[in-house]
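Visitor: Can you walk me through this structure? I'm new to this, so keep it short and plain.
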Amino acid sequence: MNATSITESTHLLGAQAKAASARMARASADAKNRALRALAALLRQSTDALQSENAKDIARALEAGLAAPMVDRLKLTPKVIETCAQGCEQLAAMPDVIGEIIGMKQQPSGIRVGQMRVPIGVFGMIFESRPNVTIEAASLSIKSGNACILRGGSEAIDSNKALAALVQQALSDSGLPAHAVQLVQTTDREVVGQLIAMPQYVDVIIPRGGKGLIERISREAKVPVIKHLDGNCHVYVDDPCDVAMAVRVADNAKTQKYSPCNAAESLLVAQGVAPEFLARIGRIYADKGVEMRVCERSRALLRNLDGAQLTVATEQDWYEEYLAPIISIKVVDSVDQAIAHINQYSSHHTDAILTTNHVHAQKFLREVDSASVIVNASTRFADGFEYGLGAEIGISTDKFHARGPVGIEGLTSLKYVVLGEGEVRT
């Protein structure tokens, strides 16, 4: 495609999405739920066909020498497809929030003032690797009464096309506009530049991918962006705590999967429990091949551990999102020092405290400035599906509009509604 045809085709996508968004905004809850249930059924019926298209992407990725974690993200296994189908059904079973009026209050003048929840309109989603994001974004867009334009990574183009075709079939079969969910069919990167600069058609952009992609979009976009750049998540092991529980959770937060943005990258340990806790978690990390980048106090407690990969942490390590079998470890004096460290170095994504002290837990919840703050559970729960949102379109570390996993409500806005009986202002 040349530059002119890319501009024309992208603007056509925008115009079609804008028209579809008006129809989606007034669609009934029943029609939207029918589309979601139809999509779930189509996903299950098409598992073999989807895997056949996915195999093309996997073959190209292997031929191109993509790293193993990237190839793993591309896979549309039956389990991944079933999770997508369940996400659609979970959304269909949830209440429809569109048109909901909240906070209605009578004013001294006699008017009643409240807020109505309405769709944002059109969102553009730019993502990499995981083709299941196509279904997550589409299903949330349908439930929230929006239209969306999806631009997936070139490495998953065949999988994304096959999934998007099922979405459009489910929409049409349910009496909704097929253009409510559109996938960019070309892998040309020029489309991204066009998509993020069409405020006449696109109301918000949601990038989901590597830091470079998100930084570029944040810098160049001419429409609002919902984003997070890093997932430098912390686990703080408090004194007092249930050490056995803390070991289990700290292990899961780091090693259950290394590549997600909600995996723990930094471990803070109160000095009172550090000798016992670090001996136990250090053994697990060493056996699993996790490199530990340690402060001097934690190094002194871990240095005699057989097979441990220990490196003295640098200042940069406290900021780092590894997405790999590496974790930074620091012994701290108190919960206050842990909170101060997290607020300085965290990416404000997800941070957890493991404690049996209720006062410490409440202090941590109030004072840690992150999108998700967790007590006595793994950071790996910071996810739309696990939070009961049905699916998520991403995790926002911004403070305006949407924060944390972005589900249905994150794709809506509020407008004021005023009800009167002839009142006039004096």
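Guide: Start with a term: two strands pair if DSSP finds at least two bridges between them. Also, this is a predicted model. Now take strands β7 (residues 233-237) and β8: they pair in the parallel sense over five bridges.

Visitor: Which residue in β8 stands opposite C233?
Guide: That is A264.

Visitor: How does the chain get from β7 to β8?
Guide: The chain crosses through helix α10 (residues 243-255). This β-α-β crossover is right-handed.

Visitor: What about the strand β11, how many bridges join β8 to it?
Guide: Five bridges, and β8 and β11 (residues 326-332) run parallel. As one example of facing residues, L267 in β8 stands opposite I329 in β11.

Visitor: Is β8 mostly covered or mostly open?
Guide: Mostly covered. β8 spans residues 264-270, and seven of its seven residues are buried.

Visitor: OK, helices. How far apart are the end C-alpha atoms of α11?
Guide: They are 19 Å apart. Helix α11 has 14 residues, 274-287, and at 1.5 Å a residue it should span 20 Å, so the two values agree.

Visitor: Which residues of α11 are buried?
Guide: A274, F277, L278, I281, G282, Y285 and A286. Seen down the axis of α11, these fall within an arc of 145°, so they line one face of the helix.

Visitor: Why would residues spaced like that point the same way?
Guide: An α-helix has 3.6 residues a turn, so residues three or four places apart point the same way.

Visitor: And what covers the buried residues of α11?
Guide: The cover includes strands β7, β8, β9 (291-294) and β11. Helices α10 and α12 (296-302) are also part of the cover.

Visitor: What comes just after α11?
Guide: One residue there is G289, which takes a positive phi of about 75°.

Visitor: Does α13 follow a similar story? Which of its residues are buried?
Guide: Helix α13 covers residues 335-345, and its buried residues are V335, A338, I339, H341, I342 and Y345. Seen down the axis of α13, they fall within an arc of 160°, so they line one face. They pack against β7, β8, β11, β12 (350-354) and α14 (358-367).

Visitor: Switching to N232. Where is it found?
Guide: N232 is in the loop between α9 (211-220) and β7.

Visitor: Buried or exposed?
Guide: N232 is buried, with a relative accessible area of 1%. The cut-off for buried is under 20%.

Visitor: Which backbone oxygen does its side chain reach at 3.4 Å?
Guide: The side chain of N232 reaches the backbone oxygen of Y319 at that distance. The backbone oxygen of Y345 lies 3.1 Å from a polar atom of the N232 side chain. N232 also touches other residues, including E265 and S266, and Y345 is one of the buried residues of α13.

Visitor: What about K227, where does that lie?
Guide: K227 lies in the loop between α9 and β7 too. K227 is partly exposed, with a relative accessible area of 21%.

Visitor: Which side chain does K227 make a polar contact with?
Guide: The side chain of D398, at 3.0 Å. K227 touches further residues, among them P207, I214 and S218.

Visitor: I214 is in α9, right? Which residues of α9 are buried?
Guide: L213, I214 and I217 are buried in α9. They cover an arc of only 95° around the axis, which puts them on the same side of α9. What covers them includes β3, α8 (190-195) and β6.

Visitor: Tell me about β3. Which residues point which way?
Guide: V122, G124 and I126 point one way from β3, while F123, M125 and F127 point the other way. All of these are buried. In a regular strand the side chains alternate between the two faces of the sheet.

Visitor: And which strands does β3 pair with?
Guide: One is β4 (residues 147-151), joined to β3 by five bridges and running parallel. The bridge partner of V122 in β4 is A147. The chain crosses from β3 to β4 through helix α6 (residues 132-143), and this crossover is right-handed. Another is β6 (residues 204-208), which pairs with β3 in the parallel sense over five bridges. There, the bridge partner of M125 is I206.

How values were computed. Residues numbered from 1 in each chain as written. Predicted model: local features only at pLDDT ≥ 70, side-chain atom pairs only at ≥ 80, totals over all residues. Heavy atoms only, no water. Buried < 20%, exposed > 50% of the residue type's maximum accessible area, 1.4 Å probe, protein only. Helix = DSSP H or I, 4+ residues; strand = E, 2+ residues; numbered from the N terminus. Right-handed = clockwise from strand over helix to strand, strands pointing away. Expected span 1.5 Å × (residues − 1). Arc of directions from axis to C-beta. Contact = heavy atoms within 4.5 Å. Polar contact = N/O pair within 3.5 Å; in protein donor to acceptor, adjacent residues only side chain to side chain.
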